[in-house]
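Here are my notes on the structure below, set out as numbered points. They start with the chain as a whole and then turn to individual elements and residues.

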Amino acid sequence: MRITGISTHVVGTPWRNLTYVQVHTDEGITGVGETRMLGRTDALLGYLREAEANHIAGSDPFAVEDLVRRMKYGDYGRAGEIVMSGIACVEMACWDIKGKALGVPVWQLLGGKVTDKVKAYANGWYTVERTPEAFHKAAGAVVERGYRALKLDPFGTGHFELDHAETLRSLALVEAVRDAIGPETELLVEMHGRFSPATAVRLAGELERFQPSWLEEPVPPENLKALAKVAEKTRLPIATGERIHDRIEFRELFEAQAADIIQPDLGHIGGIGETRKLAATAETHYVLVAPHNVGGSVLTAASLQLAGCTPNFKILEHFNDFADAEIKKVVKNAPQVVDGYFQLSHEPGLGVELDTDAAAEFPQQQARFDLWAEGWEKRNPSGGNPSGGRGA
């Protein structure tokens, strides 16, 4: 079997573009992969056009390791977010092809399942006014839908510091959410790399009474010593990793023991196989895995294949029940959350199919997502940030 070529399809919303890549073969089997880019979709598409000619066309889709190696190192320049995201889309699609050809789900090819269900946590649900009353009501709706975990960033446009008034406001939002969901539902707090170590430590102390399951990206991701400083001074588990695009770069994170949960994005770190290797390394450091998952249903399906065969897998993020829920229709057999969990698919490959006609109903947009713009949490750039703000 050989790859004859690829086709790309971009599903657009005002705040995110989802790029789907179909890999076609001479035996008529087509696989699909997905990633979500912020402000770099055209660059990704351009890279994929070059990679198709240089590396992808004519390759054996079963030889996933060889194709990833050539795409990552065969152009000599160091692979960053764009290249690793392109690799991820193609790599996922090759696993999809292999599973379909052999008639088994991808998790079966990666060692077999260790679980039948995967806990989900809701994100994208707090696109409401930034008041305790609005957050309380929205959080209650998440629980009513069956979720047993949810995440929020309550910190407005906080950057390095958070003044006293904004601190009180942010804590009031968290308190309202905890009240709405009760003591048994997991509460996850996101900081989006906003703060200095001193501010992050101060806020962590204030948040402890709400018993969050983790504190995510308390400081910007570039300085691991700053993250380690926070980890040393809080009892809360630290989660990070969505903006690391090469599993090799996690080595220093593990050595510093600066995180308890890693959050690689399968769509940015080279795909399923690369993340599986990373998860195995994390296991040797007693670190859990909870992938960043802000994409659509193909990326969710790929993340679930990893979850099914990974002993140290904790939980999976899910946006698409609350943010842009209508885009779920572009994928047939899209994974669904029932009573707070995804059930592991037993269908061949990734278990999903891209509906290209439905995808065409959501053309690419000039998507914007600026975490330092007033009203960013509404994920409506035109309404929350009329001037366009800065790219994020």
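1. Ser-303. Apart from neighbours within four places in sequence, Ser-303 is in contact with Leu-266, Asn-293, Phe-313 and Leu-316. The residue belongs to helix α11, which covers residues 297-308. Ser-303 has 0% relative accessibility and therefore counts as buried, the cut-off being under 20%. The model is a predicted one, and this applies to every point that follows.

2. Overall dimensions. The protein has 392 residues and a radius of gyration of 20 Å, which agrees with the value near 21 Å for a compact globule. Along the principal axes, the C-alpha atoms fill a box of roughly 60 × 45 × 40 Å. The secondary structure comes to 13 helices and 15 strands.

3. Burial and contacts overall. Of the 392 residues, 59% count as buried. The exposed area is about 15700 Å², and carbon and sulfur atoms supply 48% of it. For contacts between residues at least 6 apart in sequence, 72% join residues at least 24 apart.

4. The N-terminal strands. Three strands form an open sheet in the order β1-β2-β3, with antiparallel pairing. The edge strands are β1 and β3, each of which pairs on one side only. From one strand to the next, the twist averages 20°. Two helices pack on this sheet. Helix α1 (residues 41-56) touches β1, β2 and β3, and its direction makes about 175° with that of β1. Helix α3 (residues 81-102) also touches β1, β2 and β3, and its direction makes about 150° with that of β3.

5. The first hairpin. Strands β1 (residues 3-12) and β2 run antiparallel and are joined by 9 bridges. They form a hairpin with 4 residues between them. One place to check the register is Ser-7, whose bridge partner in β2 is Gln-22.

6. The second hairpin. Between β2 and β3 (residues 30-37) there are 8 bridges, and these two strands also run antiparallel. Val-23 stands opposite Gly-31 in β3. Here too the hairpin has 4 residues between its strands, and Gly-28 in the turn has a positive phi of about 80°.

7. Cover of the middle strand. How many of the 9 residues of β2 are buried? The count is 8, so strand β2 (residues 17-25) is mostly covered. In a regular strand, side chains alternate between the two faces of the sheet. For β2, the order β1-β2-β3 puts a strand on either side, while α1 and α3 both touch this strand.

8. Trp-95. This residue lies in helix α3, one of the helices that pack on the sheet. Is Trp-95 buried or exposed? At 11% relative accessibility, Trp-95 counts as buried. Leaving aside neighbours within four places in sequence, its contacts are Val-64, Val-106, Leu-109, Leu-110, Ile-272, Gly-273 and Gly-349. Gly-349 is 254 residues away along the chain, yet the C-alpha atoms of Trp-95 and Gly-349 are separated by 6.5 Å.

9. Glu-347. The loop between β14 (341-343) and β15 (353-354) holds Glu-347. With 44% relative accessibility, Glu-347 counts as partly exposed. Not counting residues up to four places away in sequence, Glu-347 touches Val-104, Pro-105 and Asn-333. The C-alpha atoms of Glu-347 and Lys-332 are separated by 12 Å, with the two residues 15 apart along the chain.

10. Helix α5. This helix (residues 132-144) has 13 residues and reaches 18 Å from its first C-alpha to its last, close to the 18 Å expected at 1.5 Å a residue. Its buried residues are Ala-134, Phe-135, Ala-138, Ala-139, Gly-140 and Val-142. An α-helix has 3.6 residues a turn, so residues three or four places apart point the same way. Ala-134 and Ala-138 are among the buried residues, as are Phe-135 and Ala-139. The buried residues of α5 pack against β4 (117-122), β5 (149-152) and α6 (164-181). Just after the helix, Gly-146 takes a positive phi of about 105°.

Terms used:
Residues are numbered from 1 along each chain as its sequence is written. This is a predicted model: local features need pLDDT of at least 70, side-chain atom pairs count only at pLDDT 80 or more; totals for chains, interfaces and linings use all residues. Side-chain values use heavy atoms; hydrogens and water are left out. Buried means under 20% relative accessible area, exposed over 50%, partly exposed in between (1.4 Å probe, protein chains only). Two strands pair if DSSP finds at least two bridges between them. Contact means heavy atoms within 4.5 Å. Axes are lines fitted to C-alpha atoms, for helices over the stretch in contact, and angles run from 0 to 180 degrees between N-to-C directions. The expected span of a helix is 1.5 Å times one less than its number of residues. The radius of gyration is taken over C-alpha atoms; the globule rule is 2.2 Å times the number of residues to the power 0.38. Accessible areas come from the Shrake-Rupley method with a 1.4 Å probe; for residues, only the protein chains shown count as cover.
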